[in-house]
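Good morning, everyone, and please take a moment to look at the model on the screen before I go through a pocket, a surface patch and some charged pairs.

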Amino acid sequence: MKGIGIGESDFKGLIIRNDYFIDKTMYIKEIMDNKSRVILVTRPRRFGKTLNMSMLRYYFDCTKKDTKELFNGLKIMEQEEKYTSKQGYYPCIYMTLKDVRGSDYEEMMMCFRTELNELFIDHANLLQSEKLLDVEKEMFSTVLNLKANKVEMQNAYVEGFYDETIKFFKTFYGTTFKDNSYLEKTVITGVY
């Protein structure tokens with residue numbers, strides 16, 4: 001019997017449990033057809049943003065094994081080869097900031113560092129890559145070991161550290177996404 005995955009934000013979990021799913025896989029085609037390198041998708045809360053991001057990750061990520069069967073019978077697999085050939089094609093960086101909050105700037109930054117650390121753990125295999133310079137591996141290890149300095153949300157405003165937070169994320173997003181030749185495409189979601 002099919003279930004209703006209320007609040008489920010993991011595409012794989014939803015498909016494996018055979019929960020009801022409105023096929024939104026044409027969103028993958030829409031993202032691929034969009035010529036922008038950075039795409040910002042704003043939607044209200046509880047609108048499926050995280051589930052869609054999870055779906056994109058499972059579709060494109062070359063480090064996720066055995067994900068092809070997740071898309072069997074879904075509309076994206078009926079599309080031209082230029083779309084289906086990109087399944088499992090790219091390394092993907094997936095980071096959520098939904099739990100990055102705190103009662104002050106320092107606490108929020110600790111939550112951010114924790115999220116960043118988890119992301120680096122997911123990609124720790126890069127430390128064995130011959131493509132990274134030793135200095136890049138050293139920087140990677142610094143973040144991985146939670147020793148990174150501040151190079152440096154809604155509750156930032158309420159808690160009184162909005163200006164610091166805005167400065168940090170302007171720099172973070174600018175240096176991460178603007179003119180980054182290592183990124184094929186970036187999809188960012190947010191609440192409006």
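Let me begin with the second largest pocket, whose lining draws at least two residues from each of helix H2 (26-33), strand E1 (38-43) and helix H3 (49-60); helices (H or I, at least four residues) and strands (E, at least two) are DSSP runs, numbered from the N terminus. Before going further, I should say that this is a predicted model, in which local features need pLDDT of at least 70 and side-chain atom pairs count only at pLDDT 80 or more, while totals for chains, interfaces and linings use all residues. Residues are numbered from 1 along each chain as its sequence is written, and side-chain values use heavy atoms, with hydrogens and water left out.

The second largest pocket holds about 160 Å³ of space, and of the 13 residues that line it, Tyr27, Glu30, Val41, Arg43 and Asn52 are the closest to its centre. A pocket here is, on a 1 Å grid over the protein atoms alone, an open set of points where a 1.4 Å probe fits, with protein on both sides within 12 Å along at least five of seven lines, and lining residues have an atom within 4 Å of a point. A volume is the space filled by probe spheres set on the points, which are joined across faces, edges and corners.

Turning to the surface, Ile4, Ile6 and Tyr20 make a nonpolar patch of about 430 Å², where patches take residues with over 30% relative accessible area and no salt bridge, nonpolar side chains (Val, Leu, Ile, Met, Phe, Trp, Tyr) being joined within 5 Å. Accessible areas come from the Shrake-Rupley method with a 1.4 Å probe, and for residues only the protein chains shown count as cover. Isoleucine 4 lies in the segment before helix H1 (11-16), and it counts as exposed because its relative accessible area is 67%, the classes being buried under 20%, exposed over 50% and partly exposed in between.

Finally, how many salt bridges does the structure hold? There are four, a salt bridge being a side-chain nitrogen of Lys or Arg within 4 Å of a carboxyl oxygen of Asp or Glu. One of them joins aspartate 122 and arginine 57 at 3.9 Å, N to O, and this pair links distant parts of the chain, with aspartate 122 in helix H5 (residues 105-122) and arginine 57 in helix H3, 65 residues apart. Aspartate 122 is partly exposed at 49%, whereas arginine 57 is buried at 17%.

Key. Patches are made of residues with over 30% relative accessible area and no salt bridge: like charges are joined within 9 Å, nonpolar side chains (Val, Leu, Ile, Met, Phe, Trp, Tyr) within 5 Å. Buried means under 20% relative accessible area, exposed over 50%, partly exposed in between (1.4 Å probe, protein chains only).
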